[in-house]
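Got your viewer open? Load the model below and keep the selection tool handy.

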Amino acid sequence: MSQDYRTMWKNLGLDLTAHDALLSVLGQAYGDIYVSQKDRPAGMGYFDFVMSEVHGLRIKELLDEKAAGRKIIGSYCVFVPEEIALAANATLVGLCAGADFAVDEVHRYLPRNTCALIKSTFGFKLGKVCPFLEASDMIVGENTCDGKKKSYEILGKLVKNLYVMDMPQMKSPEGRELLKAEYVKFMEAAEKLTGVKVTVESLKAGIAAVNAKRAALHRLAALRAADPAPVSGLDSLLANQVSFYDNPARFTASVNALCDELEKRIAAGQGVRPKGAPRLLLSGCPMAVPNWKVPAIVESLGAVIVGEELCTGERGVRNLVDDSAKTLDGLLEALVDRYFKIDCAVFTPNPERLAHVEEMAKAYKADGVLHYGLSFCTPYSMEAAPAAEALSKKGIPALCLETDYATDDMGQLKTRIEAFLEKIRA
Ligand code: BJ8
């Protein structure tokens, strides 16, 4: 890190000893998994820098924004509309975490059979190691899966500023109405927090900023259809993960610069793996930073991941918001249209997700699909077997994996993925 941020972290209430331990483990993992990759595009240097400063410079920037009168809103789900936060003069940051922390203490609050993502949220709060969470003026929880919505009842007692957004369960007209009503309520809550009224102009500007960010990620995704793949799945996942923390305009410019470079690589036939290397699509639960376990195993075995049907991937960023409406209500309708298409497994029924997995497998020329489920995640576990069956009927091999953030099953995962790759190669 380029500066000593200890005073800043202390003022945010972090436990400096625990935080040092977390940064040291993260730094080591990042070096082993990311920096050690061969033939990385030069454009990934920006993302390396962001990661090296994710708890440093980025937090300082957020605190500077706060000092200038802006507010910070933390969220745990891609259903929380960043456009509204931006329009109300707030910055939205993702708070989901991808590592175990303070596990014993977490188990005092949550049942052991809770998914790792929720446990990690609590671990980062209880262990006092997340400066994003501590810098947030409002934290938005959303009633998606049972684990999340019940855990927010407990989280609400650990943080002072939790705002809970209700969510529909069905893609019905009533479900859409509920989502719209919740977005209106969220807009009012954001306005109350910042003291800034959302206007047609400010919402259009918020939509433009987020559309540009998503369009850049769509461009990155499309380039991965090339064989050889010009960028690793690990690096593409990192770009998606960084999108939850970074300044939107700077992030968009950096992804577009990376894409310019990848276009040249494709023209020169340059890839991160030889042409014809096995190509896999990841599908399932989100992979929050620093959850790189499964992609790291896959790519250490000579395969390449060419797409992520994840919320930290295409499920989170596909579809743009139509910004042509001239009224606030019209723009809110357009927002709801876009977000209501997110095919999270908490919806029932959820046929769009399966159709999207197939569509992605074809578009990115994947040889197979890895269905990634976090242990105790009922929505995605329930969709795993039907998804694998439907894919295999279409001639697309699929392997269902269930794991958590621990490292003790890495050998077993490696054996299963290796066998799957052998099947694909044969
Ligand atoms: S839109 S996927 S970010 S809810 S892994 S906590 S589902 S038990 S994270 Fe999600 Fe929004 Fe859906 Fe995406 Fe529950 Fe499953 Fe845990 Fe999960």
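We'll go from the ligand to a sheet, and then on to the cavities.

Bear in mind as you click around that this is a predicted model. Start by selecting the ligand and whatever surrounds it: you should pick up 17 residues, the closest being Cys-77, Cys-145, Cys-311, Cys-344 and Cys-377. Colour that shell by residue type and you get 14 nonpolar, 1 polar and 2 charged.

Next, show the strands in the order 6-5-7-8; these 4 make an open sheet with parallel pairing. Strand 6 (304-309) and strand 8 (398-403) sit at the edges with a single partner strand each, so one side of each has no neighbour in the sheet. From one strand to the next, the twist averages 25°.

Zoom in on strand 7 (residues 368-374), which is joined to strand 8 by 6 bridges. Pick Tyr-372 there and you'll find Leu-401 of strand 8 standing opposite. Now add helix 19 (residues 410-425): it lies across strand 5 (279-284), strand 7 and strand 8, at about 175° to strand 8.

Time for the empty spaces. How many cavities of 30 Å³ or more does a search of the whole structure find? There are 4. The largest holds about 180 Å³ of space; to get to its centre, select His-55, Phe-124, Phe-132, Tyr-245 and Val-289, the nearest of its 15 lining residues. That lining has 13 nonpolar residues, 2 polar and no charged.

Last stop: the second largest cavity, with a volume of about 100 Å³. Helix 11 (200-223) gives the largest share of its lining, 4 residues. The lining as a whole divides into 7 nonpolar, 4 polar and 3 charged.

How values were computed:
Residues are numbered from 1 along each chain as its sequence is written. This is a predicted model: local features need pLDDT of at least 70, side-chain atom pairs count only at pLDDT 80 or more; totals for chains, interfaces and linings use all residues. Side-chain values use heavy atoms; hydrogens and water are left out. A residue is near a molecule or strand if one of its heavy atoms lies within 4 Å of it. Ala, Val, Leu, Ile, Met, Phe, Trp, Tyr, Cys and Pro count as nonpolar, Asp, Glu, Lys and Arg as charged, and the others, Gly among them, as polar. Two strands pair if DSSP finds at least two bridges between them. Helices (H or I, at least four residues) and strands (E, at least two) are DSSP runs, numbered from the N terminus. Axes are lines fitted to C-alpha atoms, for helices over the stretch in contact, and angles run from 0 to 180 degrees between N-to-C directions. Contact means heavy atoms within 4.5 Å. On a 1 Å grid over the protein atoms alone, a cavity is a set of points where a 1.4 Å probe fits but cannot get out, and a pocket is an open set with protein on both sides within 12 Å along at least five of seven lines; lining residues have an atom within 4 Å of a point. Grid points are joined across faces, edges and corners, and a volume is the space filled by probe spheres set on the points.
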